[in-house]
Amino acid sequence: MSQSQTQRSSRVDLLHGSILKSLLLFALPIMASRVFQQIYNTMDTLIVGHTLGDSSIAAMGACSSIYEMMTGFTFGVGNGLAIVTARCFGRQETERMKKSVASCIVIGITVTLVVTVLATIFMHPLLRLLKTPAEILEESYSYISILSVFLFVMFAYNLCSGLLGAIGNSFMPLVFLIISSLTNILLDLLFITRFQMGIRGAAVATVIAQGFSVILCLIYIIRKTPILVPERQHFAVGKKLYRELTTQGLSMGFMNAVV
């Protein structure tokens, strides 16, 4: 099978043929991806509960709502930003599409930097606001602080996934996410049971596994979908496009964070 045939086989054509069939083929991997993103936290909880005991599992449970909020926010922003890219792809506006991808990268870096700084400053007060018991407060903080500092890794995957989805490929991001989920389980066992890193080991395992999925996505995009790779000149975009993307991305992000 040639490279072009491989690309077509993993891409859903949303412009031709049966709309219902195409939407189902496109939407199912996205829904499955959201499930597998939640599996990161679920598997961390199961392994921590089995190896570290009730105190550590309580510490993870105390910050689970924060983790779910971060997951929902990055998922929403990544896919919200990609909506404009999808429109350009449908209209076959290649130059504008590459400009939208460049804008997504700039906006994504800015948003995640701001959120990471705010999370670093207000994470302790937020845990207290959620009535986290004093005896597990520091352990909860040690877990969620690592995830919040490396929030950009989670966002990078969701942006790559959203951009691939923008051209009709929702299958490959799911494949990469499944691989990284399995990696996360292996690293959990390694860091927690072998290296005795405690609850922090679960957070480090999650970050590394997510980073692995980002690397796989980037390699795939560069090699298989160069249409999504912007060049230097594509970063020179107008305020209108930045405003459109920012509004779209943040609205989707906040919507997913609170739902």
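The following exercises, each with a worked solution, concern a predicted model of one protein chain.

**Exercise 1. Overall architecture**

Determine how many helices and strands the chain contains, and what share of its residues is buried.

Solution.
Step 1. The secondary structure comprises 10 helices and 0 strands. Read from start to end, the order of elements is α-α-α-α-α-α-α-α-α-α.
Step 2. The chain has 259 residues, of which 47% count as buried.
Step 3. Consider next the contacts between residues with a separation of 6 or more: 80% of these join residues 24 or more positions apart.

**Exercise 2. The packing of helix 5 and helix 10**

Classify the relative orientation of helix 5 and helix 10, and describe the contact between them.

Solution.
Step 1. Helix 5 spans residues 94-129 and helix 10 spans residues 239-258; the two pack at an angle of about 60°, and their axes are 10 Å apart.
Step 2. An angle from 65 to 115 degrees would count as roughly perpendicular and one under 35 as roughly parallel. Helix 5 and helix 10 are therefore oblique to each other.
Step 3. The crossing of helix 5 with helix 10 is right-handed.
Step 4. On the side of helix 5, the contact is formed by R96, K99, S100, S103, C104, V106, I107 and V111. Helix 10 contributes L241, Y242, E244, L245, T246 and L250.
Step 5. Sorted by class, the residues of this contact are 8 nonpolar, 3 polar and 3 charged.

**Exercise 3. Helix 8 between two neighbours in sequence**

Establish how helix 8 is oriented with respect to helix 9 and to helix 7, and state the composition of each contact.

Solution.
Step 1. Helix 8 (residues 171-194) packs against helix 9 (residues 199-224) at about 150°, with the axes 8 Å apart. Because angles over 145 degrees count as roughly antiparallel, helix 8 is roughly antiparallel to helix 9.
Step 2. The crossing of this pair is right-handed.
Step 3. Among the residues of helix 8 in the contact are F176, I179, T183, L187 and F191, and those of helix 9 include V204, A205, I208, F212 and L216. The full contact divides into 15 nonpolar, 6 polar and 1 charged residues.
Step 4. For helix 7 and helix 8, the axes come within 8 Å and the crossing angle is roughly 150°. The same criterion applies, so helix 7 and helix 8 are roughly antiparallel to each other.
Step 5. Here Y157, S161 and L164 of helix 7 meet P173, L174 and L177 of helix 8. This contact holds 5 nonpolar residues, 1 polar and no charged.

**Exercise 4. The largest nonpolar core**

Identify which residues touch the most other members of the largest nonpolar core, and which helix gives the most to it.

Solution.
Step 1. The core consists of 58 residues, and L81, L127, Y143, I144, L147, L228 and L245 touch the most other members.
Step 2. Helix 7 (residues 151-166) gives the most to this core, with 10 residues.
Step 3. L81 may be examined individually. Apart from neighbours within four places in sequence, L81 is in contact with C104, I107, G108, F155, L159, L245 and G249. Of these partners, C104, I107 and L245 also belong to the contact between helix 5 and helix 10.

**Exercise 5. Two residues with positive phi**

For Q92 and K131, locate each residue and decide whether the residue is buried or exposed.

Solution.
Step 1. Q92 is not a glycine, yet its phi is positive, near 60°. Q92 lies in the loop between helix 4 (64-90) and helix 5.
Step 2. The relative accessibility of Q92 is 69%, and exposed means over 50%, so Q92 counts as exposed.
Step 3. K131, likewise not a glycine, has a positive phi of about 60°. The loop between helix 5 and helix 6 (134-149) holds K131.
Step 4. With a relative accessibility of 72%, K131 therefore counts as exposed.

**Exercise 6. Distant in sequence, compared in space**

Give the C-alpha separations of the pairs S65 and L130, and N79 and M252.

Solution.
Step 1. S65 belongs to helix 4. With a relative accessible area of 37%, S65 is partly exposed.
Step 2. S65 and L130 are 65 residues apart along the chain, and their C-alpha atoms are separated by 9.3 Å.
Step 3. N79 also lies in helix 4. N79 and M252 are 173 residues apart in sequence, with a C-alpha to C-alpha distance of 7.7 Å.
Step 4. Beyond neighbours within four places in sequence, N79 is in contact with N158 and G162.

Technical notes
Residues are numbered from 1 along each chain as its sequence is written. This is a predicted model: local features need pLDDT of at least 70, side-chain atom pairs count only at pLDDT 80 or more; totals for chains, interfaces and linings use all residues. Side-chain values use heavy atoms; hydrogens and water are left out. Axes are lines fitted to C-alpha atoms, for helices over the stretch in contact, and angles run from 0 to 180 degrees between N-to-C directions. Helices (H or I, at least four residues) and strands (E, at least two) are DSSP runs, numbered from the N terminus. A crossing is left-handed if the near helix is turned anticlockwise from the far one by less than a right angle, and right-handed if clockwise. Contact means heavy atoms within 4.5 Å. Ala, Val, Leu, Ile, Met, Phe, Trp, Tyr, Cys and Pro count as nonpolar, Asp, Glu, Lys and Arg as charged, and the others, Gly among them, as polar. A nonpolar core is a set of buried Ala, Val, Leu, Ile, Met, Phe, Trp, Tyr and Cys residues joined through side-chain atoms within 4.5 Å. Buried means under 20% relative accessible area, exposed over 50%, partly exposed in between (1.4 Å probe, protein chains only).
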